[in-house]
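I set out to record, entry by entry, what I looked up in this structure. The notes follow the order in which I consulted it.

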Amino acid sequence: MNNKPVFDYPLFAMGFRAFFALAGLSALALIALWNSMSKGALHIDNYFAGSLWHAHEMLLGYTAAVIAGFLLTAVRNWTGLQTVNPDQLASLSFLWIYGRVLPFYSGLLPDALIAIVDLLFLPAVAYFVARPLLQTGNFKNLVFIALLLLLALGNGLIHAQILALSAATAGFGLTLVVAVVVAMILVIAGRVFPFFTERGLSGVICIRNPALDVAAVAAGMAVFALLMFGVSGAALAATAIAALIVNVLRVSAWYNARIWYVPLLWVLYVGYGWLILGFGLVALSAFAWVQPALAMHAFTVGGIGVLTLGMMARVALGHTGRALKASNVVAIAFLLLNVATLFRVMFPAILPAWYSAFVVVSSYCWLAAFSLFAFYYAPILTSPRIDGQPG
């Protein structure tokens, strides 16, 4: 009997390959479409209304793809067991694609079907990630299953409002999704930043402080809890400042000035810096000194965007047998994405009258960054490992 997978191609050899490719392409398509739609140049009937589509797709489309690719690959490393075979990975990929495409057929398909297809993806990823963890007794990493299910809950709250099952839960759901993604980043940062720094800089030893790790995540989540329940003023500002301080202390223990010579390192630290700035902007927004949307975009465009690009760049190199060194093309992509965040977050805070122009420049810098990523990494993600090893 021939058990050869139907999708026996390098693209479906490991989770990071398919989902980093999909993430890179979606980062381009989603922003290009949003630019045209927001300017009125393109009108397409959509299951999601306007800006809700943009927020949902960047978080539960692009970001969810990066998370899926990272966890399906990382859990295989942690357990030594395969998370998905090529056919299962292809099926997950198509499920993700259907979730992006079907909302544009809301006039032809039942809304419930569109919601179900989109809602299935994260629980499916959680299932494939949980199996090897449970089989090997790797219970400490089950926290990621809980986080995946919380992402699914946030997605469910968004769909519940669209389907008229609830009055106003979409905003709560979106904030919950951002909170969970930031929590994932903070947890993973504590594991990989010191390791990556020590590996990338000879002779460097990073200080690990488990108590500070817990405090950094807890303080950050306290900020988002207050945001979700509409708390503002002094309570929100004080909590945000506490989160800022504890995260600065945490990352300072890993920092070494030599990271600025290694793009695969500095991109991660700068991405973390945008999260820290986000807490600072939340403190300012608590007294209406800046718009809350600027803080949220510091977390999303800056923190999530920069860190996911940096992690995809590093993971793809390491797991295809290549040297962990960013090319000039990729380093330029890192710079462009940070410039995009400056124009989306910092410049509007300083010159709010120019907000619309800054957003346009930001979107073009984002598109340029991910165009370079797609150009450089497409052959890496679709070709066999250069060392001949499986994966």
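**Entry 1. Helix H7**

I began at the N-terminal end of H7, which Asn209 caps: a side-chain oxygen of Asn209 lies 3.2 Å from the backbone nitrogen of Ala211. I note here that the model is a predicted one.

I then checked the length of H7, which covers residues 210–228. Its 19 residues should span 27 Å at 1.5 Å a residue, and the end C-alpha atoms are 27 Å apart, so the two values agree.

Next I listed the buried residues of H7: Leu212, Asp213, Ala216, Val217, Ala219, Gly220, Val223, Phe224 and Met228. I asked what covers the buried residues of H7. The cover includes H6, H8, H9 and H10.

Just after H7, I found Gly230 with a positive phi of about 75°.

**Entry 2. Thr239 in helix H8**

I looked up Thr239, which lies in helix H8, residues 233–252. With neighbours within four places in sequence left aside, I found Thr239 in contact with Ala219, Ala222, Val223 and Leu226. Of these contacts, I had already entered Ala219 and Val223 among the buried residues of H7.

I also looked up the separation of Thr239 from Ala283. The two are 44 residues apart in sequence, and their C-alpha atoms are 7.9 Å apart in space.

**Entry 3. Two alanines with positive phi**

I recorded that most residues other than glycine have a negative phi. I therefore looked up the alanines with a positive value, of which Ala164 is one, with phi near 65°. Ala164 is placed in the loop between helix H5 (143–162) and helix H6 (170–200). Is Ala164 buried or exposed? Ala164 counts as exposed because its relative accessibility is 63%.

Ala288 also has a positive phi, near 60°. I located Ala288 in the loop between helix H9 (263–285) and H10. Its relative accessible area is 64%, so Ala288 is exposed.

**Entry 4. Helix H3**

I turned to H3, residues 86–101. The helix has 16 residues and reaches 22 Å from its first C-alpha to its last, close to the 22 Å expected at 1.5 Å a residue.

At the start of H3, I found a side-chain oxygen of Asn85 within 3.0 Å of the backbone nitrogen of Asp87.

I listed Pro86, Leu89, Ala90, Leu92, Ser93, Leu95, Trp96, Gly99 and Arg100 as the buried residues of H3. What covers them includes helix H1 (15–38), helix H2 (50–79) and helix H4 (111–135).

**Entry 5. H1 against H10**

I examined how H1 meets helix H10, residues 292–318. The axes of H1 and H10 come within 11 Å and cross at roughly 145°, and the crossing is left-handed. Which residues make the contact? On the H1 side I noted Phe16, Phe20 and Ala23, and on the H10 side Met312, Val315 and Ala316. By class, this contact has 6 nonpolar, no polar and no charged residues.

**Entry 6. Helix H12: Tyr377**

I located Tyr377 in helix H12. At 1% relative accessibility, Tyr377 is under the 20% cut-off and therefore counts as buried.

Apart from neighbours within four places in sequence, Tyr377 is in contact with Ala313, Ala316, Leu317 and Val330. The side chain of Tyr377 reaches the backbone oxygen of Ala313 at 2.8 Å. I had met Ala316 earlier, in the contact of H10 with H1.

I also noted that Tyr377 and Ser106 are 271 residues apart in sequence and 34 Å apart in space, C-alpha to C-alpha.

**Entry 7. Helix H12: Ser362 and Ser363**

I next placed Ser363 in H12, residues 355–382. Ser363 counts as buried because its relative accessibility is 9%. Setting aside neighbours within four places in sequence, I found Ser363 in contact with Ile31 and Asn35. The side chains of Ser363 and Asn35 are joined by a polar contact of 3.1 Å.

I closed with Ser362, which also lies in H12. With 5% relative accessibility, Ser362 counts as buried. Outside the four places on either side in sequence, its contacts are Ala340, Phe343 and Arg344.

Notes:
Residues numbered from 1 in each chain as written. Predicted model: local features only at pLDDT ≥ 70, side-chain atom pairs only at ≥ 80, totals over all residues. Heavy atoms only, no water. Helix = DSSP H or I, 4+ residues; strand = E, 2+ residues; numbered from the N terminus. Expected span 1.5 Å × (residues − 1). Buried < 20%, exposed > 50% of the residue type's maximum accessible area, 1.4 Å probe, protein only. Contact = heavy atoms within 4.5 Å. Polar contact = N/O pair within 3.5 Å; in protein donor to acceptor, adjacent residues only side chain to side chain. Axes fitted to C-alpha atoms, helices over the stretch in contact; angles between N-to-C directions. Left-handed = near helix turned anticlockwise from the far one by under 90°. Nonpolar A, V, L, I, M, F, W, Y, C, P; charged D, E, K, R; others polar.
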